[in-house]
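Here is a short briefing to read alongside your viewer. Have the chain open and let us walk through it together.

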Amino acid sequence: MTQNTLAADNKQLVLHGLAEFAKGNIEVLRDLLHENFIEHSPGNPSGRDAFIAFIANSPVAAGRLEIKRVVTDADFAVVHYHMIPPGDERGLAVIDVWRLVDGHIVEHWDVVQPVPDVAEIPHGMF
């Protein structure tokens with residue numbers, strides 16, 4: 001498989017997973033995450049089952065996700081999106097970085113920032 005093919009496959013995998021997750025299908029994570037999934041975000045658990053239980057009760061599970069850009073290569077997928085939890089009209093700007101191996105997410109990092117008032121960001125967050 002070429003580097004370009006792996007990048008395209010990773011992009012498709014991540015976009016499909018996010019689309020399903022956004023519809024409320026949290027179980028899609030069982031297919032996406034490796035059993036020994038490693039989480040690098042403070043307070044979030046590692047391990048597929050522990051992470052799924054955690055995320056099912058988090059604001060992201062009930063939020064609306066608006067994908068802004070996706071960048072992939074043979075090993076990583078980076079997704080920049082606007083997450084809008086219920087009751088928070090501004091929401092959060094999120095960048096997720098996932099490392100993939102053989103069609104599974106094995107590691108995750110993220111950067112999360114509250115979206116400030118429009119007057120504070122004349123060029124926009126996205």
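Of the 126 residues in the chain, 38% are buried, where buried means under 20% relative accessible area, exposed means over 50% and partly exposed lies in between (1.4 Å probe, protein chains only). Please keep in mind that this is a predicted model, in which local features need pLDDT of at least 70 and side-chain atom pairs count only at pLDDT 80 or more, while totals for chains, interfaces and linings use all residues. Residues are numbered from 1 along each chain as its sequence is written, and side-chain values use heavy atoms, with hydrogens and water left out.

**Overall architecture**

- Four helices and five strands make up the secondary structure of the chain; these are DSSP runs numbered from the N terminus, with helices being H or I over at least four residues and strands being E over at least two.
- Read from the N terminus, the order of elements is α-α-β-α-α-β-β-β-β.
- The chain is as compact as a globular protein of its length, because its radius of gyration of 15 Å is close to the 14 Å that the globule rule gives for 126 residues.
- That radius is taken over C-alpha atoms, and the globule rule is 2.2 Å times the number of residues to the power 0.38.
- The C-alpha trace spans about 45 × 30 × 25 Å along its principal axes.

**Surface, contacts and charge**

- The accessible surface of the chain is about 7300 Å², and carbon and sulfur atoms account for 55% of that surface; the areas come from the Shrake-Rupley method with a 1.4 Å probe, and for residues only the protein chains shown count as cover.
- Of the contacts between residues at least 6 apart in sequence, 40% join residues at least 24 apart, a contact being heavy atoms within 4.5 Å.
- The chain carries 9 positive and 18 negative charges, and the mean positions of the two sets are 5 Å apart.
- In that tally Lys and Arg are positive and Asp and Glu negative, with His and the chain ends not counted; each charge is placed at NZ of Lys, CZ of Arg, CG of Asp or CD of Glu.

**Strand β5: H108 and E107**

- H108 sits in strand β5, which covers residues 104-114, and H108 counts as buried because its relative accessibility is 5%.
- Which side chain does the side chain of H108 meet in a polar contact? The partner is the side chain of E39, at 2.8 Å; a polar contact is a pair of N or O atoms within 3.5 Å, and within protein one must be able to donate a hydrogen and the other to accept it, while residues adjacent in sequence count only if both atoms are side-chain atoms.
- Beyond the neighbours within four places in sequence, H108 has contacts that include F37, I38, H40, D96 and W98.
- E107 is also found in strand β5, and its relative accessible area of 12% makes E107 buried.
- The side chain of E107 has a polar contact of 2.6 Å with the side chain of H40 and one of 2.6 Å with the side chain of R99.
- Residues up to four places away in sequence aside, E107 touches F37, I38, H40, V97, W98 and R99.

**Further along β5, and the loop before it**

- V112 belongs to strand β5 and is partly exposed, at 46% relative accessibility.
- Although V112 and I95 are 17 residues apart along the chain, their C-alpha atoms are separated by 6.6 Å.
- Setting aside neighbours within four places in sequence, V112 contacts L92, A93 and V94.
- D102 lies in the loop between β4 (92-101) and β5.
- Is D102 buried or exposed? D102 is exposed, with a relative accessible area of 73%.
- D102 has a positive phi of about 50 degrees, though it is not a glycine.

**Helix α3 and the C-terminal segment**

- A56 is placed in helix α3, residues 48-56, and is partly exposed at a relative accessible area of 35%.
- The C-alpha atoms of A56 and I26 are separated by 6.7 Å, with their positions 30 residues apart along the chain counted as the separation.
- Without neighbours within four places in sequence, A56 is in contact with I26 and A61.
- F126 lies in the segment after β5, and its 31% relative accessibility makes F126 partly exposed.
- F126 and H82 are 44 residues apart along the chain, and their C-alpha atoms are separated by 8.0 Å.
- Leaving out neighbours within four places in sequence, the contacts of F126 include K68, R69, Y81, H82 and V115.
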